[in-house]
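This report describes a single protein chain from its computed geometry. Please view the sequence and the coordinates together while reading.

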Amino acid sequence: MSVASLPFEGDMPFLGYACDLTVVDSILYLQDVKGGGTLLRAFSYPSLKLLCSFVNRGHGPGEMLGVSGYTVDADSLRVFAANDHKMAVYAVSDIRQGVGTPSRMVEYPASCMPALAFGKVSDGFVLLHASPEHRLILIDDAGNVVAEKYKIPDPESDKSDIWPEARPYLWQSALASDGSVVVLGTRLGEVLEIYDLQDSSRNKIIRGEGGDPEAVVRGTMRQLGRINGFQELDMLDGKLYALYDGSELTIGGEVEDKPRKIFLRVYDLSAGELERVYELDRCISSFDILPDGRTVVAADPTSEQQLCIFTLPE
């Protein structure tokens with residue numbers, strides 16, 4: 001698949017490292033992890049005129065040092081802190097007017113830390129947690145923990161437990177959620193976990209050739225992960241779209257110095273089967289499938305023009 005740059009209207013704003021983007025109701029929301037004093041930006045779509053920069057970086061009221069994720073609906077955008085147990089709620093109408101101040105802050109129990117990812121489900125929200133015994137924490141909109149679910153999958157082989165204390169970090173995952181379904185994709189392996197919050201009989205663990213994430217010990221060197229696995233997930237109309245790398249990691253955690261191939265995989269969620277694979281000609285890190293099911297807006301933080309777009313064939 002050929003990926004084309006997506007130009008901004010007027011002067012291109014400074015983007016430090018674009019990731020985690022979403023297009024909802026003609027607004028493109030973008031997390032920028034190295035963008036200076038703010039962590040999120042909103043642009044009109046498709047013109048890409050900057051509307052607002054928000055989520056100020058810091059320790060003060062309404063500020064955050066990092067973002068575990070955000071969700072958007074017609075009225076509100078919610079952002080969960082990565083390093084604190086709180087959620088900021090922004091009115092979409094304010095963002096359209098260039099106002100980047102949260103309408104309210106919601107505090108949660110400290111047991112929600114660390115929040116590694118954040119998503120929306122039918123009856124509230126879901127956090128990815130580092131605990132090996134309860135991977136998912138379900139929360140409501142009022143500061144309450146509703147449930148804690150699912151342990152790290154049992155390893156396929158003893159190799160996965162070569163460094164047992166590292167298991168929660170080995171199993172860091174990309175997260176996608178829609179209705180009652182939550183999907184996790186290992187960032188350092190090739191494992192998809194599909195959980196139906198209302199019907200556990202539909203839960204699936206799908207292992208690819210890359211297998212479980214592994215801790216590698218070579219002499220005195222310890223390394224988390226052998227491969228660069230799933231980078232980002234998205235769900236639409238019963239399909240899971242998974243951005244997968246698969247590059248071998250060197251000691252130190254760097255990707256091997258050779259041409260990388262990035263793939264967009266499409267799975268049928270109900271069956272858990274891989275249907276299609278697209279090889280991309282740019283190393284995108286994040287993407288959003290638009291409602292037409294074919295248009296993909298993505299971020300390539302290694303490029304000078306970090307936003308890009310491509311169309312899936314029918």
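## Cysteines

A disulfide is taken here as a pair of cysteine sulfur atoms within 2.5 Å. The model is a predicted one, and a search of the whole structure finds zero disulfides in it. Cys52 is therefore an unpaired cysteine, its nearest cysteine sulfur, that of Cys19, being 18 Å away against a cut-off of 2.5 Å.

Two cysteines can be placed by their accessibility. Residues under 20% relative accessible area count as buried. Cys52 is buried because its relative accessibility is 4%, and Cys112 is buried because its value is 1%.

## Overall form

The secondary structure consists of two helices and 26 strands. The radius of gyration is 19 Å, close to the 20 Å given by the globule rule for 314 residues, so the protein is as compact as a globular protein of that length. Measured out along the principal axes, the C-alpha trace spans about 55 × 45 × 40 Å.

Of the 314 residues, 54% are buried. The accessible surface comes to about 13,900 Å², and carbon and sulfur atoms hold 48% of that area. Among contacts with a separation of 6 or more, 44% join residues 24 or more positions apart.

## Nonpolar cores

The largest nonpolar core has 19 residues. Tyr29, Phe54, Val55, Leu77 and Val79 have the most contacts inside this core. At least two core residues come from each of these elements: strands E3 (27–32), E4 (38–44), E5 (50–56), E6 (67–72), E7 (76–81) and E8 (86–91), and helix H1 (92–96).

What does Val79 touch, leaving aside residues up to four places away in sequence? Its contacts are Leu40, Val55, Met64, Val67, Gly69, Tyr70, Lys86, Met87, Ala88 and Tyr90. A second core, separate from the largest one, has 17 residues, including Val3, Ala298, Cys308 and Phe310.

## The sheet of E1, E26, E25 and E24

Four strands form an open sheet in the order E1-E26-E25-E24, with antiparallel pairing. Strands E1 (4–5) and E24 (286–289) are the edges; each has a single partner strand, so one side of each lacks a neighbour in the sheet.

At one edge, two bridges join E1 to strand E26 (residues 307–311), and Ser5 stands opposite Cys308 in E26. E26 in turn pairs with E25 over five antiparallel bridges, with Ala298 as the bridge partner of Cys308. Both Ala298 and Cys308 belong to the second core. At the other edge, E24 pairs with strand E25 (residues 295–299) over four antiparallel bridges, and Ser286 has Ala299 as its bridge partner in E25.

## Ile262

Ile262 lies in strand E22, which covers residues 262–268. Is Ile262 buried or exposed? Ile262 is buried, because its relative accessibility is 1%.

Tyr244 is 18 residues from Ile262 along the chain, and their C-alpha atoms are separated by 6.1 Å. Tyr244 is also among the contacts of Ile262, not counting residues up to four places away in sequence. The other residues touched by Ile262 on that count are Leu243, Asp245, Tyr278, Glu279, Leu280, Arg282, Cys283 and Ile284.

Conventions. Residues numbered from 1 in each chain as written. Predicted model: local features only at pLDDT ≥ 70, side-chain atom pairs only at ≥ 80, totals over all residues. Heavy atoms only, no water. Buried < 20%, exposed > 50% of the residue type's maximum accessible area, 1.4 Å probe, protein only. Core = buried A, V, L, I, M, F, W, Y, C linked by side-chain atoms within 4.5 Å. Contact = heavy atoms within 4.5 Å. Rg over C-alpha atoms; globule rule 2.2 N^0.38 Å. Areas by Shrake-Rupley, 256 points an atom, 1.4 Å probe, with all protein chains shown as cover. Pairing = 2+ DSSP bridges.
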